[in-house]
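The following exercises concern a single protein model and are each accompanied by a worked solution. Please attempt every task with the structure at hand before reading on.

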Amino acid sequence: MSAGGGPARVVTVGETMAMMRSAAIGSLAHLPSLDISLGGAESNAAIGLRRLGVPAAWVSRVGDDPLGTRVVREIRAEGVEVHCAVDLSRPTGLMIKSLPTGTTTRVDYYRAGSAASALTAEDIPDGLIEQAEILLLSGITPLLSEQAHEMVIEAVRRAVAAGVTIALDVNYRSRLGTREQLAQKLDGIIAHVGIVFGGPEELSILAPGIPESDGPGLLRALEQDSRQVVLKRGAEGGMALADGQLHEAPAHRVSVVDTVGAGDAFVAGYLSAQLEGLDVPARLARANACGAFACTSPGDWEGAPRPSDLHALLAGGSADPVVR
């Protein structure tokens, strides 16, 4: 049961890692200290949904170590329903995020052989997916291991059998595998996906031969039956193709502090609006607002907005910047 008082409306499955991040600009070869946090595409989205009032659940595995304890504690503290096995033989994955220069971010992963790479279908409680409205997956999990890939396939099978909408955020991570490997992993999944999210370079993995610069072409190449295809374009806003109609929404101009996690906030905004019954233009508008707000503070998930935050952003600067 989620903190929202009912079954999770959105279920996510995937790895969340402990994160060490530098608060100062410079190489890790010289910086004296790092802060501790956590990050993972699926849990980022689950936190974003929860802050917008949507009951959400996150399924994963962590190691029997203090970092795993911290991961579970932080996500649960955000009101997300947590189903996370503790693996006694594998460690919690780790990422280290640094700012080599004032305009670049570097992320290093230490996740080979992590607890989450051993995810299996048995880690997903009976009835959890079946009672949800949306199963949210990413292209990260199938590349963690063959075992994790099989778990994703089984999760999709259960969602299809229960009539649950499947959403996929491509979220390509080049350090986990090649574009061709991801396309192969998603080949048996994509036909069942009702909502596809991705940046131009990610959607092109699923639509080979279409230039990344051709946003409408990418969307049309992936159009199928009632599927929604949503293009995340960062500072250029969002674009979606649904029911044969192409929709666009501009981005918000904000002072960018950290763009990592903005795409996950975008997905949370879009799905929350859909669950509220809003039309596609309104879904895109909220998604853009959530993504923009997430860019205004450091961290992968800490900047995920609440409704009051979105109201302040959409006020267009007229709100008093000083909170008294």
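**Exercise 1. Helices on the sheet**

Task: Determine which strands helix α2 lies across, and at what angle to β4 it runs.

Solution. In this predicted model, begin with helix α2, which spans residues 66-77. The helix lies across β4 and β5, and its direction makes an angle of about 170° with β4. Next, examine the two strands beneath this description. Strand β4 covers residues 56-63 and runs parallel to β5, the two being joined by seven bridges. One register point is given by Ala57, whose bridge partner in β5 is Glu81. Finally, turn to α8, which lies across β11 (228-232), β12 (238-242) and β13. The angle between α8 and β13 is about 30°.

**Exercise 2. The order of the strands**

Task: State how many strands form the open sheet, in which order they occur, and what kind of pairing they show.

Solution. Tracing the neighbours gives nine strands in the order β5-β4-β1-β8-β9-β10-β11-β12-β13, with mixed pairing. The ends of this order are then identified: β5 (81-87) and β13 (245-249) are the edge strands, each pairing on one side only. As a last step, consider the twist. On average, neighbouring strands of the sheet are turned by 15° against each other, with direction ignored.

**Exercise 3. A hairpin**

Task: Describe how β6 and β7 pair and how many bridges they share.

Solution. Strands β6 and β7 are antiparallel and share six bridges. Their connection is a hairpin of two residues. To fix the register, take Ile96, which has Asp108 as its bridge partner in β7.

**Exercise 4. The largest pocket**

Task: Establish the volume of the largest pocket, and identify which helix gives the most to its lining.

Solution. The volume of the largest pocket is about 980 Å³. Its lining comprises 42 residues, of which Thr259, Val260, Gly261, Ala262 and Gly263 are closest to the centre. Proceeding by element, at least two lining residues come from each of α1 (41-51), β6 (94-101), β7 (104-110), α5 (200-206), α7 (262-275) and α8 (280-294). Of these, α7 gives the most, namely four residues. Sorting the lining by class yields 17 nonpolar, 13 polar and twelve charged residues.

The helix α1 merits a further step. Eleven of its eleven residues are buried, among them the charged residues Glu42, Arg50 and Arg51. After α1 comes Gly53, with a positive phi near 90°.

**Exercise 5. The second largest pocket**

Task: Find the volume of the second largest pocket, and state which elements each supply at least two residues of its lining.

Solution. This pocket has a volume of about 240 Å³. Of its 17 lining residues, those closest to the centre are Thr165, His192, Val193, Gly194 and Ser226. Helix α3 (146-162) and strand β9 (165-169) each supply at least two residues of the lining. The class count is seven nonpolar, eight polar and two charged residues.

**Exercise 6. The setting of Ser255**

Task: Decide whether Ser255 is buried or exposed, and locate it in the chain.

Solution. Ser255 occupies a place in the loop between β13 and α7. Its relative accessible area is 63%; the threshold for exposed is over 50%, and Ser255 is therefore exposed. Beyond its neighbours within four places in sequence, Ser255 contacts Cys295 and Thr296. By comparison, Leu168 lies 87 residues from Ser255 along the chain, and their C-alpha atoms are 29 Å apart.

Technical notes:
Residues numbered from 1 in each chain as written. Predicted model: local features only at pLDDT ≥ 70, side-chain atom pairs only at ≥ 80, totals over all residues. Heavy atoms only, no water. 1 Å grid on protein atoms, 1.4 Å probe; cavity = no way out; pocket = protein on both sides within 12 Å on 5 of 7 lines; lining within 4 Å. Points joined across faces, edges and corners; volume = space filled by probe spheres on them. Pairing = 2+ DSSP bridges. Axes fitted to C-alpha atoms, helices over the stretch in contact; angles between N-to-C directions. Contact = heavy atoms within 4.5 Å. Buried < 20%, exposed > 50% of the residue type's maximum accessible area, 1.4 Å probe, protein only.
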